Amino acid sequence: MAMAVRAVNTCSIFRSTSSPPLYPFRCRLHHFGAFQCKSYPNLGLHFPICRTDRFFLSHGGVQSCSVYSLVESVMEELHASRKRKRIYASTKMGLTSSGQLLEDKLKNQVLQKGLLLEFRKDSERVLLAVAQKADGKKNWMVFDQNGVTSSIKPQQVTYIVPGIDNFDQTEISNFIQKAQDNLDPTLLEFAWNELLETNKSVTAEELAEMIFGCAEPLESYCAHLLLSKDEIYFTVLETKGCRSVYGPRSTVQVEELLRRKLAKEAAEKELQEFVQLLKSAKSMPSHAKPPKSSWKAEEKIQHKIESLEAYAIDACTNDDQKKTAGMILRAMGLVKTASSALNLLIDVGYFPVHVNLDLLKFNIRVDYPDEVISAAENLLSEPFDPDEVDRKDLTHLKVYAIDVDEADELDDALSATRLLDGRIKVWIHVADPTSLVQPGSIVDREAMKRGTSIFLPTATYPMFPEKLAMEGMSLKQGELCNAVTVSVVLHSDGSIAECTVDNSIIKPTYMLTYESASELLHLNLEEEVELKILSEAAALRLRWRRNQGAIDTSTLETRIKVANPDDPEPSINLYVEDQADPAMRLVTEMMILCGEAVATYGSCNNIPLPYRGQPQSNVDTSAFAHLPEGPVRSSALVKILRAAEMDFRKPIRHGVLGLPGYVQFTSPIRRYMDLLAHYQVKAFLRGDSPPFSAGQMEGMAATVNMHARLAKRLCSSSLRYWILEFIRRQPKEKKFRALVLRFIKDRIAALLLMEVGLQASAWVSLGKQIGDEVEVKVEEAHPRDDVLSLKEVT
């Protein structure tokens, strides 16, 4: 009786070629107490000596036997059998030491009709087929397991099943099923142990002899499948055509591969558990979905959800995040794209429907570190004004603070009077945050990192902690407020006659929106004569600047407030302001006047400041005189303007504003460069040296301006998203008024949608000219994809 033994984890499986197939036999070993072992060193095997009633073999039924006597007899027979078959094994099987030639094992079988073969269909599929006939000089027509006849190249063949000359193609499926039923990857461990000990290589047929006791077609194919799919115990030593010789890996390699396999299985299990969480959350109604914080409660879940988030916003920092996100999307049956990841995160409730992707992509600072909040609280609880004794009392002045309706903090306010000689005197009062914050302090450094406050339709992210900005810095109606006041006396032509800068204390009289200020101007009330004087001063200044070559770029400005942005259908409040509106013109002119006055003051006193300029020496504005004033002309002019420049030692001409010099000074709570100018001027007023040299300011400006540009992009993209969302919700039949700004190509025109203040493009009919109004309807509006399709109503 020729027998084979497999020893795995102290279990033995006994086979006999004259018995029913014994590899399905399983020994059932109960937990042993102390026992002795019988050793067979020449076989490298050790068996326990245990009581008869604790060990069973099952094959159709349960039988008890004497394990000790059975093992003894089996070992003796196997030992004798091995002696008898030593020559047989070395000749028929051709087991070869790793140092010997492998040529004999790699003799290829020639393709011929009727052979059962395995071939590689593509990079992912391997099929079993029967050779039909030659197809040309080298190729063969084959009939595969799927019932498909195709032509294959010889190099596609991965294995020819030995011992078959004319296989019935209708039996392919049955053959595959029998092979699958017989596969047991654990059999490889026995073969690996044997071959590693003797340092031998093996072919599929030789492995079949070892583990099945014969090399019949089915057994050989099973052995081939085990070897070709194995990633642990064996490696290919050499391949020639469709023949391969395999060698056992070292113990160290096997242990490492097993460790990796276990780790991979654990990772796959984690992945499946995470996928189930996603599917569960996806199926929940909106109100019941898990909160965002719950996805970060466990580290392994947090890693996966953050990888998915990074993939959704194109912000993966390493290949691991990309790989993890890809596996999750594939497991969810989704295509591997950023939009798929985004939609999935929205579906599970991790992101709101209208999540601001740019806010995440740009890594905008939305929260303050605890130490900054603590420092800000200290500034409020223990205020100290270093300029208190030098402040000029201007509380007798009527002070107008004019801003947008939703302004959170107020930086500036205005006063005016007519002097006895008829000239106009204007005071521009600017909030004084430097009375609380000192250069280089923790609060100042945080403000510099932010560069600017960010005003989005959905939220405001202030440059200073909100409580500090609102309670300690902002101007408030009817309250005493610290300020830096720039006073200017104008010549009758609107040019500056005198200007001074002082620390001051004021008491704002009115807090007005642009709408209410425009209404007061229209009413022309005698008791609000100061507002009328301000309007007159603004008109003088505008005329003077235009005479100096200023370019008017006023247009429509859209403002949106979204009250509940996390809701799937939040309420949107949209309104459009005309920058040529009297109240807006008034405020704009006074802010520009303040900038010129500070530049003049800085130049006269040699103060290093962030002087802004915009050279426009090559711009011939007369070439645009034929265009209608307003948005049409402004749109054309903006396209040819050169980039702004900065100098930190002396003023430079600002051609667009028509000024010899200009410094932004009126928004120190919102813009860090304005705050920087305040630090410099305030130091001069105290008689101190400026805290920053021109070179230092230049370096600081590079960082601050970079953050400011990023914030501008964010504000622009967010505003456009919500305008498109507003448009998307309008009735399909709604018509929009559109102003033709210019023609892009043929009859495709750039349009300004008057009701929403958005530029778009559409084909317009013949006869329409630049400056004409047309009516358009919306065909498509997709905020997430930034798509707006318009059609002219004719």
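In what order do the five strands of the open sheet stand?

**Figure 1. An open sheet of five strands in a predicted model.** The order is β32-β31-β30-β33-β34. The pairing is antiparallel. Strands of a sheet pair through backbone hydrogen bonds, either parallel or antiparallel. At the edges stand β32 (758-763) and β34 (787-792). Each has a single partner strand, so one side of each is left without a neighbour in the sheet. From one strand to the next, the twist averages 50°.

**Figure 2. Strands β30 and β31 side by side, with a helix on the sheet.** β30 covers residues 735-745, and β31 covers residues 748-753. Six bridges join the two strands in the antiparallel sense. One bridge pairs lysine 745 with isoleucine 748 in β31. Helix α17 (residues 631-638) packs on the sheet. This helix touches β30, β31 and β32. The direction of α17 makes about 35° with that of β30.

**Figure 3. An aromatic pair between helices α2 and α5.** The whole structure holds ten aromatic pairs. In one of them, the ring centres of phenylalanine 175 and tyrosine 221 lie 5.6 Å apart. Their planes meet at 40°, so the pair is tilted. Phenylalanine 175 belongs to helix α2 (residues 172-182), tyrosine 221 to helix α5 (residues 217-229). The two residues are 46 residues apart, so this pair links distant parts of the chain. Are these two residues buried or exposed? Both phenylalanine 175 and tyrosine 221 are buried. They also belong to one aromatic cluster with Tyr159 and Phe167.

**Figure 4. Tyrosine 721 beside tryptophan 722.** The ring centres of this pair are 5.3 Å apart. The planes stand at 80°, so the pair is edge-to-face. Tyrosine 721 and tryptophan 722 are both buried.

**Figure 5. Two lysines over aromatic rings.** Lysine 292 lies over the face of tyrosine 350, 4.9 Å from the ring centre. Lysine 734 places its charged end over the ring of phenylalanine 736. Here the distance to the ring centre is 5.1 Å.

**Figure 6. Cysteines without a disulfide.** A disulfide is a covalent bond between the sulfur atoms of two cysteines. How many disulfides does the model have? The count is zero. For cysteine 604, the nearest cysteine sulfur is that of cysteine 499, 6.7 Å away. A disulfide needs sulfur atoms within 2.5 Å. Cysteine 604 is exposed, because its relative accessible area is 61%. Cysteine 242, in contrast, counts as buried, at 9% relative accessibility.

Notes. Residues are numbered from 1 along each chain as its sequence is written. This is a predicted model: local features need pLDDT of at least 70, side-chain atom pairs count only at pLDDT 80 or more; totals for chains, interfaces and linings use all residues. Side-chain values use heavy atoms; hydrogens and water are left out. Rings of Phe, Tyr and Trp (its six-membered ring) pair if their centres lie within 6.5 Å; planes under 30 degrees apart count as stacked, over 60 as edge-to-face and the rest as tilted. Helices (H or I, at least four residues) and strands (E, at least two) are DSSP runs, numbered from the N terminus. Buried means under 20% relative accessible area, exposed over 50%, partly exposed in between (1.4 Å probe, protein chains only). A charge sits over a ring if NZ of Lys or CZ of Arg is within 6 Å of the ring centre and within 35 degrees of the ring normal. Two strands pair if DSSP finds at least two bridges between them. Axes are lines fitted to C-alpha atoms, for helices over the stretch in contact, and angles run from 0 to 180 degrees between N-to-C directions. Contact means heavy atoms within 4.5 Å.
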